[in-house]
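Thank you all for making time this morning. I would like to walk through one structure with you, moving from single residues to sheets, then to charged pairs, and finally to the nonpolar parts.

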Amino acid sequence: IVGSNGYNTNIYYPIVNQCRNTGKVEGDSYVGGIAGRSYANSSYIPKVEYCSNTGKVIANSDYAGGITGYNYYGNVQHNNNQGNVSLMNSYAGGIVGYHEGTGNISYNVNSGEIAPRYSHSSNTYMAGIVGYKTTNSYAYIQYNTNKGNVKANGSYAAGIVGYSNYAYVRYNSNAGNISSTS
């Protein structure tokens with residue numbers, strides 16, 4: 001639906017709201033069912049909310065998410081992903097592949113499978129909600145539900161967050177099976 005929400009655009013307070021994707025989305029990096037990349041600066045905080053994806057999301061490299069592949073300081077809330085997410089390398093999530101900075105990841109549901117693109121792919125940081133959360137700015141990852149299975153040919157596989165640095169991860173639930181070869 002959106003290749004980049006807010007990054008290098010003249011759109012202030014960009015909001016992606018009530019969108020639906022049913023088709024396959026494939027690319028090299030920054031691949032998402034709704035937004036490939038959601039990006040903020042000091043003037044605005046982007047939002048991706050009340051959206052749904054049922055299409056497959058495939059990244060031939062890094063950063064894949066059922067809703068957004070890469071989120072920088074934005075809010076991703078009240079979304080539903082049912083599409084399977086796969087990639088060659090790292091940072092995959094049922095909702096967000098890679099989350100940097102503040103911004104809430106809340107009230108989302110994932111039921112899609114998170115898995116390597118190929119059986120020989122080496123994958124790390126794969127999870128049902130957020131694959132990787134970084135930066136020394138706190139974010140809330142809360143009230144999310146994962147029902148999808150997570151498979152990784154590497155380390156850091158989880159039902160909610162594969163790796164977390166500076167995040168409040170609370171009030172989430174996981175019902176998916178998690179498997180990792182490391």
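Let me begin with a cut-off, since the first step depends on it: a residue is called buried when its relative accessible area is under 20%, exposed when that value is over 50%, and partly exposed in between. Please also keep in mind throughout that what you see is a predicted model.

With that cut-off in hand, take S86, which sits in strand 14, residues 85-87. Is S86 buried or exposed? Its relative accessibility is 15%, and because that is under 20%, S86 counts as buried. If we set aside residues up to four places away in sequence, S86 touches V57, I58 and A59, then A64, and also A115, P116 and R117. I would ask you to remember R117 from that list, as we will come back to it among the charged pairs.

Now to the sheets. Six strands make up an open sheet with parallel pairing, and their order is 3-8-13-18-23-28. The edges are formed by strand 3, residues 20-21, and strand 28, residues 173-174, each of which pairs on one side only. At the strand 3 edge, two bridges connect strand 3 with strand 8, residues 52-53, and these two strands run parallel. Within that pairing, R20 has S52 in strand 8 as its bridge partner.

Elsewhere, strand 11, residues 68-72, gives us another view of parallel pairing. Strand 6 is joined to strand 11 by four bridges, with the two strands running parallel, and strand 11 also pairs with strand 16, residues 96-100, in the parallel sense over four bridges. For the contact with strand 16, the bridge partner of T68 is V96. Why do we describe strand 11 as largely enclosed by the rest of the structure? The reason is that four of its five residues are buried.

On the strand 6 side, the residue to look at is Y39, which lies in strand 6, residues 35-39, and whose bridge partner in strand 11 is Y72. Y39 also comes within 6.1 Å of N71, C-alpha to C-alpha, although the two are 32 residues apart in sequence. The relative accessible area of Y39 is 21%, so Y39 counts as partly exposed, given that buried means under 20%.

Let me turn to the charged pairs. How many salt bridges does a search of the whole structure find? The search finds three. In one of them, E26 pairs with K24, and the closest N and O atoms are 3.4 Å apart. E26 also forms a salt bridge with R117, again with 3.4 Å between the closest N and O atoms. This second pair links distant parts of the chain, for E26 is in strand 4, residues 25-27, while R117 is in the loop between strand 19 and strand 20, 91 residues apart. Taken together, K24, E26 and R117 are linked in a network of salt bridges. As for accessibility in this network, K24 counts as exposed at 56%, whereas E26 is partly exposed at 40% and R117 is partly exposed at 24%.

The remaining salt bridge is between the side chains of K151 and E113, at 3.3 Å from N to O. Here too the pair links distant parts of the chain, with K151 in strand 24, residues 150-152, and E113 in the loop between strand 18 and strand 19, 38 residues apart. Both partners are partly exposed, K151 with a relative accessible area of 38% and E113 with 26%.

Finally, the nonpolar parts. The largest nonpolar core has 16 residues, and those with the most contacts inside it are I95, I105, I129, V130 and I141. Leaving out neighbours within four places in sequence, I105 is in contact with residues including N71, V76, I95, I129, V130 and I141. There is also a second, separate core of eleven residues, which includes V57, A64, V85 and A152. V57 and A64, you may recall, are among the residues that S86 touches.

At the surface, Y138, Y140, Y166 and Y168 form a nonpolar patch, with about 380 Å² of accessible area together. Of these, Y168 is placed in strand 27, residues 167-170, and Y168 is partly exposed, at 36% relative accessible area. I will stop there and take your comments.

Notes:
Residues are numbered from 1 along each chain as its sequence is written. This is a predicted model: local features need pLDDT of at least 70, side-chain atom pairs count only at pLDDT 80 or more; totals for chains, interfaces and linings use all residues. Side-chain values use heavy atoms; hydrogens and water are left out. Buried means under 20% relative accessible area, exposed over 50%, partly exposed in between (1.4 Å probe, protein chains only). Contact means heavy atoms within 4.5 Å. Two strands pair if DSSP finds at least two bridges between them. A salt bridge is a side-chain nitrogen of Lys or Arg within 4 Å of a carboxyl oxygen of Asp or Glu. A nonpolar core is a set of buried Ala, Val, Leu, Ile, Met, Phe, Trp, Tyr and Cys residues joined through side-chain atoms within 4.5 Å. Patches are made of residues with over 30% relative accessible area and no salt bridge: like charges are joined within 9 Å, nonpolar side chains (Val, Leu, Ile, Met, Phe, Trp, Tyr) within 5 Å. Accessible areas come from the Shrake-Rupley method with a 1.4 Å probe; for residues, only the protein chains shown count as cover.
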